[in-house]
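Dear colleague,

Please find below the structure for your records. My findings follow it.

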Amino acid sequence: MRTVKQKIYVTLKIIAVVMVLAILGLFSFRNNLLEQLLAKTTSKAVTEYNCDFIIKEASFEGLSGINLNEVTLVPKNADTIFKIHKIKTSVNLMQLFFGDLQLGTLEVQNGFVQLTKKGNVKNFAAFLKKSEEEQDSNNDKKDYAAFTYRIISKILNLVPTDMNVQNLVFKLDDNGKKATINIKKLALINKNIETTINVQTNTFTQNWKIKGLADPRMKTADIRFFNMDSGAIKMPYFDERYNLISSFDSIRVNIQNISKSSGELHLDGYASISNLKINHPKIANKDVIIKNARFDYRFLLGSDFISIDSSSTVQLNKIRLHPYLSYETEEDTIYKLKVAIPKMKAQDFITSLPDGLFTHFQGMEATGTFDYNLNFQFNKNKPNQLVFESKIKKENLRITKYGDANLNKINDSFVYHAIIKDVLQRPILVGTANPNFTPLDQISPYLQKCVLTSEDPSFFTHRGFINEAFKQSIVKNIRTKKFSRGASTISMQLIKNVFLTREKTLSRKLEEILLVYLLENNRISSKERMLEVYFNIIEWGPDVYGIGEASQFYFQKKPIDLTLNECLYLARIIPSPSKFMRQFGSDGNLSDSSKKVQNFLTNIMIKRGVLSIDDTIYKSQPVIISGTARSLLKITVKDSTKVDSIVMPKFIPISIISTTKK
């Protein structure tokens, strides 16, 4: 009877023999496997991508080494996508036997990869089209975790554990907008990666370096990207293609974990950037600089969701916030965003704002602390159930010194300059020294009611923002996939006109939001004063500013004497005052469509109790333009309206106003 040791010995021998036979079998069939793989790739390139994939010479070296010479990919009637003189690599034969390609080592010498666009012809266009199989799979519900993990694994399998690349050039030519990235040397040895890269564009030349650690089999990396020369790294191509000028001192990317368990995929690590500079006309009118930014991320993917976990942290100078983003498809398609800023000093927040993005806050000082929470949720199938909650909790928060935007100036006399199509208009003095300035109690109550109803019905109760209007604006913009509707209040219009410009930039909009909050929540000015300033600065017609000028321009009256019909008319032209002529027909009377709109506004005011039926006794009387505005109407019939005098409102030059005493 055999002993246990003998049985173990026999078993090991059998295993060894099987392994040897398997290796011999793989060794015997390896050329066939390689030929089949290359033939399959060549056929797919022709049938699916209309390209010729050519390898001049392919052979094995040793047990698992492969040599490829003169490898090219050429689309039909387009520029070559890549051509590499020599590729030497080793593969995992067992993985190759099961149809997967996993590289062990890689050497690349002398070659180029290029993407070109000449006119409308792209040499890579065929690779952007989805195959029928891919289109069918897109119609099926994906398991996001499984799909992403499979893609990541395939990519990492193609990253060798040891690599030596020399003189591999990446070229980009977008109708003359060119960028060339020449990898003179890229070495990955014992998990250490180091490169020497030369970058050339139509506008600059630089030398970059990448250093760090990379372990594709353990799915970890820690890589730093910086400039070998003096100065910051400039991003190629984007400056010419998108007018986006950007640079940075260094970037660090760390991947700590990529793992899948219990149906969930986890990706953990962090990324940081120093001295990021961005310049784009849609962002701000000057350079935006972020000195230090870091993102400690934790991505979670499941079968029906993709998310950034709330344990992630974004640090922007001294500002730390915890974001939560989620895309869910279990039943409905739902987008979620939550942002939490833990308790922090108000002054730290102000000093951490990116330079160039909040220019009006420079020099501002504050005391106290605050914390902030945002909760946003949008159901694509139920858009009207949108959730938008924004909450700030303050402790002894007080502005002790204002920056460039001195909000206190709204309480005193000041000079206002309107800007139309980037052109500075004539100065308007907002104060009693200007004879056209009209205090709030000298403005017809009808006009106040009409303007508030049409522009901002809850002005006296809100704190600068109307949540419901803002939510409806978001829904409309999402549906139209553009910013087609705003949610502007009178407070926001006041800030935009008095303290900011009308430039359509991200910077201006962000400053507007923060300044409105400060104005409305720090008791800087009363609502009555804000409304008074609003009536005295807004445009009411071509080169007509303030209700004092407007009431003369249209009706030769003082603002206190305006009738309900005249007030309804003035309220209706605020959105487009320079085009007031469109409200009238060729007979000089209000058009039927304008009358309908005014009747609609009247009915709303009656339903809300702003007007009574008695107020509308003279509603049927026509609106008669008797001021200078009448000369701008295109009247084709005889004008039977007798006008005793037509005079322009008195526009007092600022040089005279500034010396006029009260």
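The protein exposes about 37300 Å², of which carbon and sulfur atoms supply 54%. This surface belongs to a predicted model. Of the 662 residues in the protein, 40% are buried. The secondary structure consists of 15 helices and 25 strands. When contacts between residues at least 6 apart in sequence are considered, 57% of them join residues at least 24 apart.

As to confidence, the mean pLDDT of the protein is 84, and 84% of its residues reach 70 or more. Residues 637-662 call for caution in any reading, as pLDDT stays under 50 over that stretch. The model has 32 contacts beyond four places in sequence for these residues.

Salt bridges

The whole structure contains 19 salt bridges. Three of the pairs are described here.

One of them joins the side chains of Glu194 and Lys209, with an N to O distance of 3.3 Å. Glu194 belongs to strand S8 (residues 192-201) and Lys209 to strand S9 (residues 205-215), so this salt bridge ties together parts that are 15 residues apart in sequence. The two partners can also be described by their cover: Glu194 is partly exposed, with a relative accessible area of 37%, whereas Lys209 counts as buried at 14%.

Another salt bridge is formed by the side chains of Asp348 and Lys318, at 3.7 Å from N to O. Asp348 is in helix H6 (residues 346-352), while Lys318 sits in the loop between strand S17 (313-316) and strand S18 (319-328); the pair therefore ties together parts that are 30 residues apart in sequence. Asp348 is partly exposed, its relative accessible area being 23%. Lys318 has a relative accessibility of 54% and counts as exposed, because the limit for that class is over 50%.

The pair Asp543 and Arg426 also forms a salt bridge, and its closest N and O atoms are 3.0 Å apart. This pair links distant parts of the chain, 117 residues apart. Asp543 is found in the loop between strand S24 (539-541) and strand S25 (544-545), and Arg426 is found in strand S23 (residues 423-430). Asp543 is partly exposed, with a relative accessible area of 35%. Glu549 also takes part here: Arg426, Asp543 and Glu549 are linked in a network of salt bridges.

Cavities

How many cavities of 30 Å³ or more does a search of the whole structure find? The search finds 2. The largest cavity holds about 60 Å³ of space. Its lining includes Ile428, Leu429, Val430, Asn434, Asn436 and Phe437, together with Asn536, Tyr545, Gly546, Gly548 and Glu549. Strand S23 and helix H12 (547-555) are the elements that give two or more residues to this lining. The largest share, 3 residues, comes from S23. Glu549 thus appears both in the lining of the largest cavity and in the salt-bridge network with Arg426 and Asp543.

Helix H11

Helix H11 (residues 527-537) is mostly covered, with 10 of its 11 residues buried. Charged residues are among the buried ones, including Lys527, Arg529 and Glu532. Met530, Leu531, Val533, Tyr534, Phe535 and Ile537 are buried in H11 as well. Asn536 is another buried residue of H11, and Asn536 also lines the largest cavity.

With kind regards

Conventions: Residues are numbered from 1 along each chain as its sequence is written. This is a predicted model: local features need pLDDT of at least 70, side-chain atom pairs count only at pLDDT 80 or more; totals for chains, interfaces and linings use all residues. Side-chain values use heavy atoms; hydrogens and water are left out. Helices (H or I, at least four residues) and strands (E, at least two) are DSSP runs, numbered from the N terminus. Buried means under 20% relative accessible area, exposed over 50%, partly exposed in between (1.4 Å probe, protein chains only). Contact means heavy atoms within 4.5 Å. Accessible areas come from the Shrake-Rupley method with a 1.4 Å probe; for residues, only the protein chains shown count as cover. A salt bridge is a side-chain nitrogen of Lys or Arg within 4 Å of a carboxyl oxygen of Asp or Glu. pLDDT is the predictor's confidence in each residue, from 0 to 100. On a 1 Å grid over the protein atoms alone, a cavity is a set of points where a 1.4 Å probe fits but cannot get out, and a pocket is an open set with protein on both sides within 12 Å along at least five of seven lines; lining residues have an atom within 4 Å of a point. Grid points are joined across faces, edges and corners, and a volume is the space filled by probe spheres set on the points.
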